[in-house]
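Let's take a walk through a protein fold together. Keep the picture open beside you as you read.

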Amino acid sequence: MQRLLCLLLASLALAWLVGFWSVSPLLALAGLAWPALGYGALLAGEFALLARQHGDPAPRPTPAQLLTAWWAELRSGMQVFFWRQPFREHAEPDHLPPGTRRRGVVFVHGLFCNRGFWAPWMRRARALGLPHVAVSLEPVTGSIDAYVPAIDAAVARLMAATGQPPVLVCHSMGGLAARAWLRTPGATDCVAHVVTIASPHSGTWMAQLGHGENARQMERNSRWLARLARDEAQAQAVPFTCWYSNCDNVVFPVSTAARAGADNRFVPGHPHVALAFQELVLHDSLQLVRAA
C-alpha cells in the first residue's frame, strides 16, 4: 500500500513537471516538492492538536520545541514512509548467527509500519553482535490481538537460536501488541525485558481520528485497554522501560506513553517517529539488551 502511494505521488509530481515545464521551469520544479509539503501540512495539524490538548504532568512543549520537532518528524517520516518501508522492508535481514548464546532482541513496529522501520536499529544490533528478529504485523487495521502469533513466533525463533529469553523493543502500537502477547500462557517466562518507545499505554487522543479496529482499541479509556489492564493485574510482572516525549505528535496526552511501575524515561522535544531514532534512545535501549 505504501509502495503504491509513493509511486502515485511520484507519478503526479512527474506529470506536474512535464505539464508546467513549458509554462515555467521554476514552477515545474516547485511541483516536485508537493508530496513533502502535503506531508508537512499533515504533521503541522498533528502538532497543533498536541499543543491544544496539553493537560499533562509532563512539561509543556515550547513553540521552539514544537517547530524543531516538526522539522525532525518531517525528515524522519519521509525516510520511513517514502523509502525505508515501501522499498526497503527486507533490506536488513534477521540476524541469528549459529552457535550464539547472547541474548537477542525482537523488534515490534507500530501502526501503518513494517519491519523496514527498524533498519538503523538492525544495523546497530548486528554491529554489536546482538541476535535479532524484526516482525511485520498484519492485517494493518486489524485487532491488536491478531499480532500476537507473529510476536510469539519471533520470540520462539530467538529462544531456539540463543537459549535466552529476548528483549522486546517496540515502537508505538507495538508496545500494546507486546502487552497483548504477554497474556499468552507462559509468555512472561520467555522475555527478559520490554522497551517501548512512544507507545500509547493508556491510549491516545489521536486514535479517535484513525480507522480500523486497532485504532478503536487505542482510544482513551477503550474497553480493550481496560481488559488488558485487568489481565495484567493477574499476571507475573515483566520489567518495562518506557521512552516518551512532550513533543509526541501522535501519542498524547504525553504521559499516556508512561506506565506505572516502569522505568519511564522522558526525552523532551522529540516527535513520534523521530524519537525512535534519537541516539540516546537507540544506544541505551540496545545497552539494556546487552545487560539484561
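What follows is a short tour, from the sheet to the helix pairs and then to a few local details.

## The sheet

Keep in mind from the start that this is a predicted model. Let's begin with the sheet, an open one built from six strands. Reading across, the strands come in the order 2-1-3-4-5-6, and their pairing is parallel. Which strands stand at the edges? They are strand 2 (132–134) and strand 6 (263–266). Each of these has a single partner strand, so one side of each is left without a neighbour in the sheet. On average, neighbouring strands here are turned by 15° against each other, if you ignore direction.

You can zoom in on one pair. Strand 1, residues 105–108, runs parallel to strand 2, and three bridges join the two. Look for Val106, which stands opposite Val133 in strand 2.

## Helices on the sheet

Now add helix 6, residues 148–162, which packs on the sheet. Helix 6 touches strand 1, strand 2 and strand 3 (167–171), and its direction makes about 160° with that of strand 1.

Helix 7, residues 173–181, packs on the sheet as well. Its contacts are with strand 1, strand 3, strand 4 (193–197) and strand 5 (240–244). Compare its direction with that of strand 3 and you get about 140°.

## Helix 7 meets helix 9

Time for some helix pairs. In general, two packed helices are described by the angle between their axes and the distance between the axes. Helix 7 and helix 9 (residues 223–233) pack at an angle of about 45°, and their axes are 10 Å apart. That angle makes helix 7 oblique to helix 9. The two cross in a left-handed way.

Who makes the contact? From helix 7 come Leu176, Arg179 and Ala180, while helix 9 brings Trp224, Leu225, Leu228 and Glu232. Sorted by class, that gives five nonpolar, no polar and two charged residues.

## Helix 5 meets helix 10

Next up is helix 5 (residues 119–127), which packs against helix 10 (residues 279–291) at an angle of about 40°. Their axes are 11 Å apart. Helix 5 and helix 10 are therefore oblique to each other. Left-handed or right-handed: how does helix 5 pass helix 10? The crossing is right-handed.

On the helix 5 side, the contact is made by Trp121, Arg124 and Ala125. On the helix 10 side, look for Glu279, Val281, Leu282, His283, Ser285 and Leu286. By class, this contact has five nonpolar, two polar and two charged residues.

## Helix 1 meets helix 4

One more pair to find: helix 1 (residues 2–21) and helix 4, whose axes come within 9 Å and cross at roughly 130°. Helix 1 and helix 4 are therefore oblique to each other. Helix 1 passes helix 4 in a left-handed crossing.

In helix 1, the residues to spot are Gln2, Arg3, Cys6, Leu7 and Leu9. They meet Val80, Phe81, Phe82, Gln85, Pro86 and Phe87 in helix 4. The class tally for this contact is eight nonpolar, two polar and one charged residues.

## Salt bridges

How many salt bridges are there? The count comes to eleven. One to look up is between Arg123 and Glu92, with the closest N and O atoms 3.3 Å apart.

Where do these two sit in the chain? Arg123 lies in helix 5, and Glu92 lies in the loop between helix 4 (63–87) and strand 1. The pair therefore ties together parts that are 31 residues apart in sequence.

## Details in the loops

Finally, let's check some loops for backbone details. A cis peptide bond joins Glu138 and Pro139, with omega about 0°. You'll find Pro139 in the loop between strand 2 and helix 6. Phe252 and Pro253 are also joined by a cis peptide bond, and there omega is about 5°. Pro253 has its place in the loop between strand 5 and strand 6.

The last stop is Phe112, in the loop between strand 1 and helix 5. Phe112 isn't a glycine, yet it has a positive phi of about 60°.

Methods
Residues numbered from 1 in each chain as written. Predicted model: local features only at pLDDT ≥ 70, side-chain atom pairs only at ≥ 80, totals over all residues. Heavy atoms only, no water. Pairing = 2+ DSSP bridges. Helix = DSSP H or I, 4+ residues; strand = E, 2+ residues; numbered from the N terminus. Axes fitted to C-alpha atoms, helices over the stretch in contact; angles between N-to-C directions. Contact = heavy atoms within 4.5 Å. Parallel < 35°, antiparallel > 145°, perpendicular 65-115°, else oblique. Left-handed = near helix turned anticlockwise from the far one by under 90°. Nonpolar A, V, L, I, M, F, W, Y, C, P; charged D, E, K, R; others polar. Salt bridge = Lys/Arg side-chain N within 4 Å of Asp/Glu carboxyl O.
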